[in-house]
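Here is a short tour of one protein chain and its main pocket. Take a look at the model first, then read on with it beside you.

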Amino acid sequence: MLYKTIFLAASLLATLPLSAQRFSLGARAGYSTSDLAFRSPYNAAFSEAHQPLSGFHAGMEGRLRLGKRFALLTGLQYARKGYGSKLARPGGSFDDVRYVLHYVTLPVAGSVNIWKGLSLQVGLE
């Protein structure tokens, strides 16, 4: 699926004539926090023994204008997500553990300008 998305985005960008006024490239970065919420029917203490994990995301994005109101958006983004938990050990003690997930995404979206500075974006990540 990832290769199909990359191929589709590259094909769309390669078949359209590009100029500096129609294509723009930018950076994106920021702070994120993620958590995991679940309930264990067997262990109530385990259900509440998790904490949010702070992370970040960074990447680049491109915008190809397809007229006055429409644009194609794509990019490449890295995100770090996860959560912290307590892992029960034999004997009743607990260890603090962190589960960290690293994501690399290639979003592809369409954008429609609705009103001055307001746009609607729909797509896949």
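## Fold and pocket

In this predicted model, the protein chain is built from two helices and six strands. If you walk along the sequence, these elements come in the order α-β-α-β-β-β-β-β.

How much of the chain is buried? Of its 125 residues, 24% are buried. The accessible surface of the chain is about 9,400 Å², and carbon and sulfur atoms account for 63% of that area. Contacts can also be sorted by their reach along the sequence: taking those between residues at least 6 apart, 53% link residues at least 24 apart.

Now for the pocket. The largest pocket holds about 420 Å³ of space. It is lined by 24 residues, and those closest to its centre are Arg 28, Glu 61, Gln 77, Pro 107 and Glu 125.

Which strands help to form this lining? Each strand in the table below supplies at least two residues of the lining of the largest pocket.

| Strand | Residue range |
|---|---|
| Strand 1 | 23-34 |
| Strand 2 | 50-65 |
| Strand 3 | 70-88 |
| Strand 4 | 94-105 |
| Strand 6 | 118-124 |

Strand 3 makes the biggest contribution to the lining of the largest pocket, giving seven residues.

What is the chemical make-up of that lining? The residues of the lining of the largest pocket include nine nonpolar, 10 polar and five charged ones.

Conventions:
Residues are numbered from 1 along each chain as its sequence is written. This is a predicted model: local features need pLDDT of at least 70, side-chain atom pairs count only at pLDDT 80 or more; totals for chains, interfaces and linings use all residues. Side-chain values use heavy atoms; hydrogens and water are left out. On a 1 Å grid over the protein atoms alone, a cavity is a set of points where a 1.4 Å probe fits but cannot get out, and a pocket is an open set with protein on both sides within 12 Å along at least five of seven lines; lining residues have an atom within 4 Å of a point. Grid points are joined across faces, edges and corners, and a volume is the space filled by probe spheres set on the points. Helices (H or I, at least four residues) and strands (E, at least two) are DSSP runs, numbered from the N terminus. Ala, Val, Leu, Ile, Met, Phe, Trp, Tyr, Cys and Pro count as nonpolar, Asp, Glu, Lys and Arg as charged, and the others, Gly among them, as polar. Buried means under 20% relative accessible area, exposed over 50%, partly exposed in between (1.4 Å probe, protein chains only). Contact means heavy atoms within 4.5 Å. Accessible areas come from the Shrake-Rupley method with a 1.4 Å probe; for residues, only the protein chains shown count as cover.
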